[in-house]
Amino acid sequence: MAATMVVVSRKRVPGAHRLLAGYAATAAAVLCGARVESRGASPGLGRVRAVTPLACAALLFYPSGAQSLALHGRLLDAEMLAAERRVLRRPFNLLFDRVASRPLNEALTACYSSFYLYFLVPPVYLMAQDRDRDLERYVLAFCLAQYTCYLGFAALPLAGPVAALRDAFSTPQLRGYLLVPAQQWLMERADPPGTCFPSSHVAGAWAATFVARHALPRSAARALTALTCALTCSVVYCRYHYLVDALTGVAVAGLAYRGATHILDRPDAP
């Protein structure tokens, strides 16, 4: 779907040919892994094949920024802010600006940054426990959520409040101690404009949490749920997403989990 979108709107997408080449290489790698596994299946090879989409999701996030311009050719933050003002009278992100402090900035940035662990910790645990079916369910739900967000970026391309509302905040940039500047440094270099709606952080984290309710020990599932709730607040507090981005991310996660369950639990599923 993404490749088709880029082909049709290639004049609006910077580096369209490089993006298409990347999609082709990714698809070839996935197909090659599936082919090799079918010829001589082994538990180790099966697990490598199972987690390949997670690696692809991480690699394809940055190119999705260019792809976000495919339909509209521009960012739509002005329209988003106008809609927020009609419904809420003022941008929701500015409400958090009143309670911002360095300790709180640092704590919620830690929650925001914890998203990267969702790519690693639950899959490693499930592999260590030989829970291959749960591993497949986790990866499928997580990646359905991520890839849906990548397509959603093109439907409503947004730079986010950190850029669009910079002059409206009492402090143009949140300040912290260690994690805040580190995360800001990373976002400036690896978070392309347009990758805001829906929040892929929220969608991926909640999709993982829905699976964790059945795949992880109860205590671990509860801890993950609490972390995901904090992460959902952090994406708005840290000014990376609008409120609607977070809410839509939760909805995408629910649909991704239902989709993964439907696919893996159908009678003819392998």
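**Pockets, a cavity and helix packing**

At least two residues each of the lining of the second largest pocket come from α2 (16-39), α3, α10 and α15 (243-265). The model is a predicted one, and this pocket makes a handy way into it. Its volume comes to about 540 Å³. The lining counts 22 residues, and R49, A50, P53, V139 and L140 are the closest to the centre. Among the contributing elements, α10 hands over the largest share, seven residues. Sorted by class, the lining of the second largest pocket holds 16 nonpolar residues, two polar ones and four charged ones.

Two of the helices just named, α10 and α15, also pack against each other. Their axes lie 8 Å apart and the angle between them is about 135°. An angle that is neither under 35 degrees, nor over 145, nor between 65 and 115 counts as oblique, and α10 and α15 are therefore oblique to each other. As for handedness, α10 passes α15 in a right-handed crossing. On the α10 side, the contact takes in R133, E136, R137, L140, A141, L144, A145, T148 and C149, and these meet V252, A256, Y257, G259, A260, T261, I263, L264 and D265 of α15. Split by class, the residues of this contact are eleven nonpolar, three polar and four charged. L140 turns up twice in this picture: it belongs to the α10 side of the contact, and it is also one of the residues closest to the centre of the second largest pocket.

The other two helices of that lining, α2 and α3, make a pair as well. They pack at an angle of about 170°, and 9 Å separates their axes. Anything over 145 degrees counts as roughly antiparallel, so that is the label for α2 and α3. From α2, the contact uses Y23, T26, V30, G33, A34, V36 and E37, while α3 brings L45, G46, R49, T52, C56 and L60. Seven of the residues in the contact of α2 with α3 are nonpolar, four are polar and two are charged. R49 is worth a second look here, since this α3 residue takes part in the contact with α2 and is also listed among those closest to the centre of the second largest pocket.

Next up is the largest pocket, with a volume of about 760 Å³. It has 35 lining residues, and those nearest its centre are L186, M187, A190, D191 and P192. Two or more residues of the lining come from each of α3 (43-61), α8 (115-118), α10 (132-155), α11 (161-164), α12 (179-190) and α13 (200-215). Helix α12 gives the largest share, five residues. In terms of class, 23 of the lining residues are nonpolar, eight are polar and four are charged. Both α3 and α10 appear here, and both also help to line the second largest pocket.

What about closed spaces? The count of cavities of 30 Å³ or more comes to one. The volume of the largest cavity is about 30 Å³, and the residues around it are T109, L174, V180, Q183, Q184, C238 and Y240. Once again α12 gives the most to the lining, this time with three residues. Four of the cavity-lining residues are nonpolar and three are polar, with no charged residue in the set.

A third helix pair is α7 (residues 102-113) with α14 (residues 218-237), which pack at an angle of about 120° with axes 8 Å apart. Here the crossing is left-handed. The residues that touch are L104, N105, L108, C111 and Y112 from α7, and A230, L231, S234, V235 and Y237 from α14. By class, eight residues of this contact are nonpolar and two are polar, and no charged residue takes part.

Finally, a couple of backbone details are found in loops. The peptide bond that runs from F197 to P198 is cis, with omega near -10°, and P198 sits in the loop between α12 and α13. D130 has a phi near 55°, which is a positive value in a residue other than glycine. The place of D130 is the loop between α9 (121-128) and α10.

Conventions
Residues numbered from 1 in each chain as written. Predicted model: local features only at pLDDT ≥ 70, side-chain atom pairs only at ≥ 80, totals over all residues. Heavy atoms only, no water. 1 Å grid on protein atoms, 1.4 Å probe; cavity = no way out; pocket = protein on both sides within 12 Å on 5 of 7 lines; lining within 4 Å. Points joined across faces, edges and corners; volume = space filled by probe spheres on them. Helix = DSSP H or I, 4+ residues; strand = E, 2+ residues; numbered from the N terminus. Nonpolar A, V, L, I, M, F, W, Y, C, P; charged D, E, K, R; others polar. Axes fitted to C-alpha atoms, helices over the stretch in contact; angles between N-to-C directions. Left-handed = near helix turned anticlockwise from the far one by under 90°. Contact = heavy atoms within 4.5 Å.
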